[in-house]
Every structure is written in structure tokens, then in C-alpha cells.
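Visitor: Could you take me closely through the surroundings of the ligand, with attention to what lines it and where polar atoms meet it?

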Amino acid sequence: MSRLIVNGGNPLNGSIRANGAKNSILPILAATIINGGENIIHNCPDLKDVHSAIAILRHLGCRVEYSGGTIVVDSAGMDRWDIPDDLMREMRSSVIFLGPILARCGKARMTYPGGCELGPRPIDLHLDALSKLGVHIQEEGGEITCECGPLQGRQINLSLPSVGATENIMLCATACQGTTRIVNAAREPEIWDLQQFLQKAGAQVQGAGQHDITIQGGVPTRQPTEHSVIPDRIESATYLCACAAAGGEICVQQTIPAHFAAVTELLAESGCQIQVGGQEVRLRAPGRLHSVRPVRTMPYPGFPTDAQSPLMATLCLAQGTTMFSENIFESRYRHCAELCRMGADIRVEGRVALVTGVDHLTGASVKATDLRGGAAMVVAALAAQSASEITQIDHIDRGYDHIERAFAALGADIKRQA
Ligand code: EPZ
């Protein structure tokens, strides 16, 4: 199993470009099923989850080529409507394929996506919404089998603004007769990006980024559909958290600052100097960070749960105590014990974590507990005063394209060891 070796203490300096957003690419790759033609997706980094999605598309009979950051999917040859367990387990968010498979084939079969490092990952909102659109769902032995006659659009009220459920409803509703309206839809930028792709494919989708989204049924037909995904806001935030922790001055380029303003605001409050340009954010770290107001994770545009662990790693070095409240996932504090191995002072009580800053962190052998927890370990190791080893980094590779290369380019002493 490969691992990262980090000799901490180097301040970070220079510029880094944000890659395309993982959480845009995945639903957009699923959406390529719908139009039964050629789709060209640009700005796609080399991520484990992207390869998992490509494996599912190829299993379904689609032709997929991936080179130089561009993925070409021709879904004309799709001849299957099932996803086997091994592919479902590769990536928890594979459930996003359910809506588009139903839209294209009128039936679908897949296993229940397992829980993950963040706790149980229920899909009740997805299934409840799809059944309201006319999908007959059978759940037995961990397998979900769906059949549907003509799908009928209608209003769907989401009890919580689930990102995945919003996406699945959008994708399935393209094949409904009439209009579907999603009330209390997720408003994440990746939802807007999916809408952009669907509109380019010829679908009638409006309202993404707002409270309600409306989809006028009618299978998209425009081919080829070409799209470039938006920059990754969590990757951008991760780089800034690392610089705040390790010191120095960096500029994240080709990003969309508004998409992670909730993070940069807290970094500014902790003492960092932040300059926001059109497509870039510059951060200069202070001599000593200080604690900030309570960090409560919320649906977009609130503070993103995916940035909770990287920011926590940063604030382990801030003077004073910061309270975190993780309101999105049931157990998203597994990285805390690993941070404490490096000398952090963190006390967890249920959904609350109290982080009291220490003068320094000490390098240690730690593991990536999940994707963003792994990113937090990199942030902490870069700031630590000695060497660290980070294992189980396949978690990190799910959402960061060779994270060590990005930080090495900014002056960090970080290497991957096979
Ligand atoms: C998406 O996951 C992202 N993944 C996650 O990013 C992100 O943390 C999450 O949205 C929240 O922003 C992708 O886009 C691929 P949800 P998703 O449905 O769709 C509960 C990363 O690190 N819920 O908005 O699974 C659920 O348990 C990943 O890049 C139900 O109860 O998130 C959670 O507590 C991690 N029933 C909350 O809602 C459901 O049917 C938010 O989940 C669905 C969700």
C-alpha cells in the first residue's frame, strides 16, 4: 500500500491551479447515459472515483475514452441496466447512476451502496422521490430492483436538501411526461454545473442553485454534448488551509472564489490575509493563527462539510479554542484521533469537536481515515515540526489528483512511497 512521507516545516509559496470538481464530474458522467450519444467532458482530473465511474459506464456498454483531462463517453451502445456489487462498493455515490439508468432503460438493478467512513449513507430520499415519479422499487437482500412504466412528473418536496437525491431526481425527471419540480433542492455549485451540462444536451432544466428546480420532461437529444466542469472548491479550500497552517503565501488560480467563500471568511478571521481576484484567491499566513467563531457545517452556501477536517487541521495550531459542529454527517470526526497523535488537543462529544490550539504539531505515523480526513492529515503533516508518514492514502486519491505533486510544487517536502 503506498503512503506519503512528509517532512513538515516548509512554508508554502507559489501558485497552484484548481482541477475540475470531482462532485461535478461524477453526476455529469452518470448523465451521459441519458442522451444515447457522444459526450465530451473537459477538465477531469485523474481521480480514483472518476475511474470508478468510468468502470460503471463501460460495464453498462458505453464506450469511454479518457486522455489529457478529457473524457469522451458514447452511450449509444449501452446494453445493460444493472450495476454489480463490486462496482457499487468502489464508490459510495454510485447510486447517482440510478436516475439516468431509469431514464434511459425504464428499469435498473443495483446493490444498496454500503455505508462509508462518514457513517450510514441512507438513500431513502432518493428512493422515495423516484417512487413518486412512478418507479416501482423492490428492495431485497441489499439489492434494489426498479421497473417503471411511463414516468409522470410532479412536485417533490425534499425533507432535506440532499445533493445526491436532487441529482437523481433531476436525471430521472428528464424522461418523465410533464414537469417535475424539486422543492428544497440542494443548491451546491455542482448541481448548477449538472444543469449546465443537461441544458447543453437539450434538456429543459431551470433553477439549479436556488430553492426549487424545474425539469420539463423530454429525453435530451443534442449530440455531441460538450462541457467543461467547474473548478473544485474543496480542493481549492484544502490548499488554502494548508498554507494557513504551514505558513507562506500561495495563490489558487482558475477557481471560483464565491464557491468557497464560507471557508475563506473563516481563514481571514483566523488572521490570514486573503485577496480575492476574478478567478483566484491569494492567502498569506500570519505568524500565529487565532481561533474563530463556531464552525457549523451546513448545506451550501453554508460552511461545507467537506472542508471541515482540513480547516480543523489548520486550527489545531490557532491560539484559543474553536468549536466545530458537524451537522451533515453522523460521524465525520475520525480524523480527530489521528490529529491527536500529532499533538493536537481535540475533544469530541457527538457532533461537537472542541479544538484548542497548540504551539506546534509533531510528525507521526498516521492514517487517512477517509477522503477529506486524509487531506487533513496532509495539512497537519505539512505544518508539523518533523517527519510524518500517512498510510491508507487510496482514500485521498479518490478526490485529489496526486496531492503530493501539488504541494511539492509549492515548496513542501512530500513524497509518495509505493
Ligand atoms: C455529496 O454527497 C457529496 N458527494 C459529498 O462529498 C458531500 O459531503 C455531500 O454531498 C454534502 O455536501 C458527491 O457529490 C459525490 P447528501 P451525498 O445526500 O449526495 C443524508 C466528498 O468528500 N441523507 O447531501 O451523499 C445523508 O446521510 C464527499 O467529496 C439521507 O438521510 O450527500 C447525510 O447525512 C463526501 N437520506 C445528509 O443527508 C438520503 O436519501 C447529506 O447527504 C440522502 C442523504
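Guide: What follows is a walk around the ligand, from its shell to its polar contacts and its cover. The model is a predicted one, and the values below should be read with that in mind. The ligand is surrounded by 23 residues, and the closest are Asp124, Leu125, Ser162, Asp306 and Ile328. Sorted by class, the shell around the ligand holds 10 nonpolar, six polar and seven charged residues. Several helices take part in this shell, since at least two of its residues come from each of α1 (22-31), α5 (124-132), α6 (163-173) and α12 (371-383). Of the contributors, α5 gives the most, with three residues.

Turning to the polar contacts, the side chain of Asn23 has an N or O atom 3.1 Å from an oxygen atom of the ligand, and Asn23 falls within the residue range of α1 (22-31). At Leu125, by contrast, the backbone is involved: one of its polar backbone atoms is 2.8 Å from an oxygen atom of the ligand, and this residue is also listed with the closest members of the shell. For Arg372, a polar atom of the side chain lies 2.8 Å from a ligand oxygen atom, and the residue range of α12 (371-383) includes Arg372. As for cover, the ligand on its own has 820 Å² of accessible area, and the protein covers 86% of that area.

Methods. Residues numbered from 1 in each chain as written. Predicted model: local features only at pLDDT ≥ 70, side-chain atom pairs only at ≥ 80, totals over all residues. Heavy atoms only, no water. Near = heavy atom within 4 Å. Polar contact = N/O pair within 3.5 Å; in protein donor to acceptor, adjacent residues only side chain to side chain. Areas by Shrake-Rupley, 256 points an atom, 1.4 Å probe, with all protein chains shown as cover. Helix = DSSP H or I, 4+ residues; strand = E, 2+ residues; numbered from the N terminus. Nonpolar A, V, L, I, M, F, W, Y, C, P; charged D, E, K, R; others polar.
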